[in-house]
Amino acid sequence: MQILVTGGAGFIGSNFVHLTLAQRPDAQITVLDALTYAGTKASLDGVLDKITFVEGDIADAELVDRLVGEADLVVHFAAESHNDNSLANPWPFVQTNLIGTYTLLEAVRKHNVRYHHVSTDEVYGDLELDDPERFSESTPYNPSSPYSSTKAGSDLLVRAWVRSFGVQATISNCSNNYGPRQHVEKFIPRQITNVIDGVRPKLYGAGLNVRDWIHVDDHNTGVWAIIDRGQIGETYLIGADGEVNNVTVVRDILELMGKSAGDFDHVTDRAGHDLRYAIDSTRLRTELGWEPQYRDFRSGLQATIDWYKDNEAWWRPMKAETEAKYASTQQVVQAPVGDAAEGESH
């Protein structure tokens, strides 16, 4: 199978490449990535000699047409996904998430190539902290930021191209990912690397905002379950029942790293900070037989801490750049919690 992976040098995409080559050694993978701030070829160390890497933009119609024409399957991870950045400058999110997705859809339509679209639970907006409901495939879209609205728009483009043109596509909406190779500006890796460096973590507001965490490898096995067994034109939610509030995440990181659970600082909350995300992945589990490997959040968190401890050469250069950026703008922030497609570059 010839597979084109967009955003394959970003967080989730690079882990997808590693997982696929480990489990499907006959797969022929081409990675298309623009290597913006969140993408790095270092995330593909160990497999670069087994793949074809192309540096380029998913909004480049000529390039995308050529690469899609050589593929049997397109898995679309590439996205601008930093909520704070979308508030400061929405245009790159429109360019990548909407125009880029349109460009890919036109190419897979032309060449009749199977397409899987990776999206986020943030398209549904947020839930009240005491709401017993969780997001499902029938939840109405209610995005709250330029980032999530452009991801919602990209999902709707896919649905329209399936219905109007018969494109062979599926969609997945996933909860917050964590694990190896996540950019250190994101919530969990920033706290881990801060603790390694002896810096006290910082937490938005009271830290009561809830996210539904899933290990990146579990997300990617869910993606493959949908590609292999999902119904064309359908949407599946990927989640691991990992609802945890932000203050608990920080305390867990501190305890697992041998520090006091209270060794952190509160900072002013960000504008429009969604309260709670929660995924109901019943359909994926019952119809496609998928189950997560990391059922206990703390065990997955410990594995993630161990990876960052063992791979300082990977994150140290971007750590210095990230902290310098915050210092230059006099930002004292927690770091964005992130989303399902976080850290990918277009």
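The legends below describe close-up views of a predicted model of one protein chain.

**View 1. Model confidence along the chain.** The protein chain has a mean pLDDT of 92, with 93% of its residues at 70 or more. Residues 342-346 are a stretch in which pLDDT stays under 50. For these residues the model has 40 contacts beyond four places in sequence.

**View 2. The sheet of 7 strands, an open sheet with parallel pairing.** The strand order is β3-β2-β1-β4-β5-β6-β10. The edges are taken by β3 (52-55) and β10 (235-238); each has a single partner strand, so one side of each is left without a neighbour in the sheet. From one strand to the next, the twist averages 20°. At the β10 edge, strand β6 (residues 169-174) runs parallel to β10 and is joined to it by 4 bridges. Within this pairing, C174 is opposite I238 of β10.

**View 3. Helices α2 and α4 packed on the sheet of 7 strands.** Packing on the sheet, helix α2 (residues 61-69) touches β1 (2-6), β2 (28-33), β3 and β4 (73-76). The direction of α2 makes about 170° with that of β2. Helix α4 (residues 91-111) also packs on the sheet, where it touches β1, β4 and β5 (114-120). Between the directions of α4 and β5 the angle is about 160°.

**View 4. The sheet of 3 strands, an open sheet with mixed pairing.** Its strands follow the order β7-β9-β11. The edge strands, β7 (176-178) and β11 (243-245), each pair on one side only. Neighbouring strands are turned by 50° against each other on average, direction ignored. Strand β9 (residues 210-215) pairs with β11 in the antiparallel sense, over 3 bridges. D212 stands opposite E243, a residue of β11. Helix α7 (residues 216-229) lies across β7 and β9 and runs at about 75° to β9.

**View 5. The largest nonpolar core, a set of 33 residues.** In soluble globular proteins, nonpolar side chains tend to be buried together. The residues with the most contacts inside this core are I3, V17, I29, L44, V75, I238 and L284. At least two core residues are supplied by each of β1, α1 (11-23), β2, β4, α7, β10 and α9 (282-288). Helix α7 provides the largest share, 6 residues. Leaving aside neighbours within four places in sequence, V75 is in contact with I3, L4, V5, T6, F16, H116, V118, V223 and I227. A second, separate core of 24 residues includes M257, L301, I305 and M318.

**View 6. The surroundings of helix α6, which is mostly covered.** Of the 10 residues of α6 (187-196), 9 are buried. These are F187, I188, P189, R190, Q191, I192, T193, N194 and V195. Among the elements covering them are β7, β8 (202-204), β9, α8 (246-256), α10 (297-310) and α11 (312-328). Just after the helix, G198 adopts a positive phi of about 80°.

**View 7. Helix α8 and the elements that cover its buried residues.** In α8, the buried residues are N246, V247, V249, V250, D252, I253 and L254. Their cover includes α6, β8, β9, β11 and α10. Just after α8, G258 has a positive phi of about 80°.

**View 8. T139, in the loop between β5 and α5 (146-165).** With a relative accessibility of 19%, T139 counts as buried. Its side chain reaches the backbone nitrogen of S136 at 2.8 Å. Not counting residues up to four places away in sequence, T139 touches Y124 and R134.

**View 9. D274, in the loop between β12 (265-267) and α9.** D274 is buried, at a relative accessible area of 6%. Beyond residues up to four places away in sequence, D274 touches E122, G125, D126, S144, N209 and R211. D274 and V54, 220 residues apart in sequence, are separated by 36 Å in space, C-alpha to C-alpha.

Methods
Residues are numbered from 1 along each chain as its sequence is written. Side-chain values use heavy atoms; hydrogens and water are left out. Two strands pair if DSSP finds at least two bridges between them. Axes are lines fitted to C-alpha atoms, for helices over the stretch in contact, and angles run from 0 to 180 degrees between N-to-C directions. Contact means heavy atoms within 4.5 Å. pLDDT is the predictor's confidence in each residue, from 0 to 100. Buried means under 20% relative accessible area, exposed over 50%, partly exposed in between (1.4 Å probe, protein chains only). A polar contact is a pair of N or O atoms within 3.5 Å; within protein, one must be able to donate a hydrogen and the other to accept it, and residues adjacent in sequence count only if both atoms are side-chain atoms. A nonpolar core is a set of buried Ala, Val, Leu, Ile, Met, Phe, Trp, Tyr and Cys residues joined through side-chain atoms within 4.5 Å.
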